Amino acid sequence: MQLKTILNRVESFKSFVYGKARWVEGVSRPTLEVEVHARKNGRAICSGCDRPGPSYDRLPQRRFEFVPLWGITVYFVYAMRRVDCPSCGVTVERVPWARGKSHLTTTYRWFLARWAKRLSWEEVATIFHTSWRNVFESVKHAVFWGYVHRDLHSIEAIGVDEIQWQRGHHYLTLVYQIEDGMKRLLWVAQERTEQSLRGFFQYLSDTERQSIRFICSDMWRPYLKVIAEQLKHAIHVLDRFHIMKKMNEAVDEVRRGEAARLKRDGYEEVLKHSRWCLLKRRENRTEKETVKLSELLQYNLQSVRSHLLREDFQRFWEYTSPGWAVKFLDQWCTRTMRSKIEPMKKIATSLREHRDLILNWFRAKGTVSSGSVEGLNNKAKLTLRKAYGFRTYEAIEIALYHTLGDLPEPNFTHEFC
Ligand SMILES: [Zn+2]
């Protein structure tokens with residue numbers, strides 16, 4: 001069987017044929033070059049308007065890297081024609097295996113991009129003897145294609161969250177679709193301002209925006225404002241994940257403040273190393289941590305009381321009737337306000353302030369799968385952590401869409417991987 005036969009099976013073109021294949025001498029890796037020729041009478045296609053036109057001249061031969069075969073690097077070699085197009089002037093022809101100035105064939109780009117979903121970009125570059133830049137460009141190409149071709153109709157539930165990046169106080173705003181059966185990243189923007197989120201709604205068509213029935217977010221004011229303005233028809237939910245995150249932060253703040261105070265006053269450092277056993281839920285604690293906690297409980301410390309308040313609040317999520325839930329919420333807030341523990345009081349105030357949005361959690365039960373924002377966020381953080389070598393925002397954005405966007409791909413005649 002000839003190489004041509006294999007190539008025609010996996011990648012054939014209407015107006016072009018494969019010619020001779022030859023080994024390239026004097027290179028360190030085994031390399032094949034396969035000639036490509038235009039069919040006789042086949043007219044060149046203008047890359048400006050996609051219409052055939054008369055040939056003007058031929059450019060020197062160019063190489064386009066194709067998917068490697070058995071560890072052999074493969075290039076297509078072709079001398080591009082220039083077209084004398086009546087409407088565009090003289091342009092370089094459009095060829096079906098590559099786009100623009102790329103020296104990688106489109107098929108090879110998809111190949112690299114698919115691997116880059118499973119491995120880090122560096123690993124893909126090493127395995128296929130190519131550069132990080134080539135992998136990046138391939139992923140970018142895949143993301144652009146998917147971004148343009150994705151379907152944003154009938155999105156019912158979305159979640160908004162922010163994550164930190166660049167180890168400083170830089171944030172990214174992320175919007176996810178969070179329905180059962182469809183969880184994906186829809187939007188990434190820099191910072192966590194009103195404009196970071198508003199950009200998403202401006203990007204949607206009116207019908208797409210109207211189909212959204214539920215939105216989850218935290219209590220970050222700029223988000224609340226944009227949601228109120230853009231999604232008047234939807235139920236806005238302050239969800240369990242975000243609220244418990246806030247509460248854990250408050251418990252932690254109390255502990256840190258108290259530890260500093262105790263140290264200053266010369267008491268033994270009872271709270272040292274207690275961070276994890278206070279934050280953990282009972283079922284996740286180790287035996288040693290449980291002992292530590294019972295030691296702590298002998299003191300009437302603010303940390304312990306905040307911890308108990310937090311534990312008690314877990315019951316809130318178990319109610320099925322919003323009526324009982326609201327009763328519990330009000331009692332909990334009253335108790336917490338009396339505790340005189342400032343960070344906890346702040347939580348209670350903000351829960352009271354957003355009472356309706358929190359109770360929406362019960363109305364949205366079943367549609368908004370709880371925990372999915374958290375799950376997607378963890379994946380996003382993992383992507384950022386794996387993102388060794390992504391210095392720029394552009395690379396981060398591309399990586400997030402690539403791993404979490406669930407973006408569509410074209411139909412391939414042959415699956416290379
Ligand atoms: Zn043209």
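So, let's begin with C46: this cysteine is buried, because its relative accessible area is 0%, under the 20% cut-off. Please keep in mind that we are looking at a predicted model.

Why start there? C46 gives its SG atom to a zinc ion, and the other protein donors are the SG atoms of C49, C85 and C88. These donors lie 2.2 to 2.4 Å from the zinc ion. If you follow the chain with a finger, you'll find them in the spacing C-x2-C-x35-C-x2-C.

Now, how are the four donor atoms arranged around the zinc ion? The angles they subtend run from 106 to 115°, so the arrangement is tetrahedral. For reference, the ideal angle for four tetrahedral donors is 109.5 degrees.

And which of these cysteines are tucked away? C85 counts as buried, at 6% relative accessibility. C49 is partly exposed, with a relative accessible area of 24%. Away from the zinc donors, let me mention C417, which is partly exposed at 28% relative accessibility.

With several cysteines on the table, how many disulfides does the count come to? The count comes to zero, because no pair of cysteine sulfur atoms lies within 2.5 Å.

Let's move on to the nonpolar core. The largest one has 110 residues, and F313, W332 and L351 touch the most other members. Helix α16, residues 393-404, supplies the largest share of this core, with eight residues.

Take L351 as an example. Beyond its neighbours within four places in sequence, L351 is in contact with M219, I243, M247, F313, L329, W332, C333 and I358. So F313 and W332, named a moment ago for the core, are among the contacts of L351.

Note on methods:
Residues are numbered from 1 along each chain as its sequence is written. This is a predicted model: local features need pLDDT of at least 70, side-chain atom pairs count only at pLDDT 80 or more; totals for chains, interfaces and linings use all residues. Side-chain values use heavy atoms; hydrogens and water are left out. Donors are N, O and S atoms within 2.8 Å of the metal (3.2 Å for Na, K and Ca); water is not among the atoms, so sites may look incomplete. Four donors count as tetrahedral if all angles lie between 85 and 135 degrees; four count as square planar and six as octahedral if opposite donors are over 155 degrees apart and all others between 65 and 115; anything else is irregular. Buried means under 20% relative accessible area, exposed over 50%, partly exposed in between (1.4 Å probe, protein chains only). A nonpolar core is a set of buried Ala, Val, Leu, Ile, Met, Phe, Trp, Tyr and Cys residues joined through side-chain atoms within 4.5 Å. Helices (H or I, at least four residues) and strands (E, at least two) are DSSP runs, numbered from the N terminus. Contact means heavy atoms within 4.5 Å.
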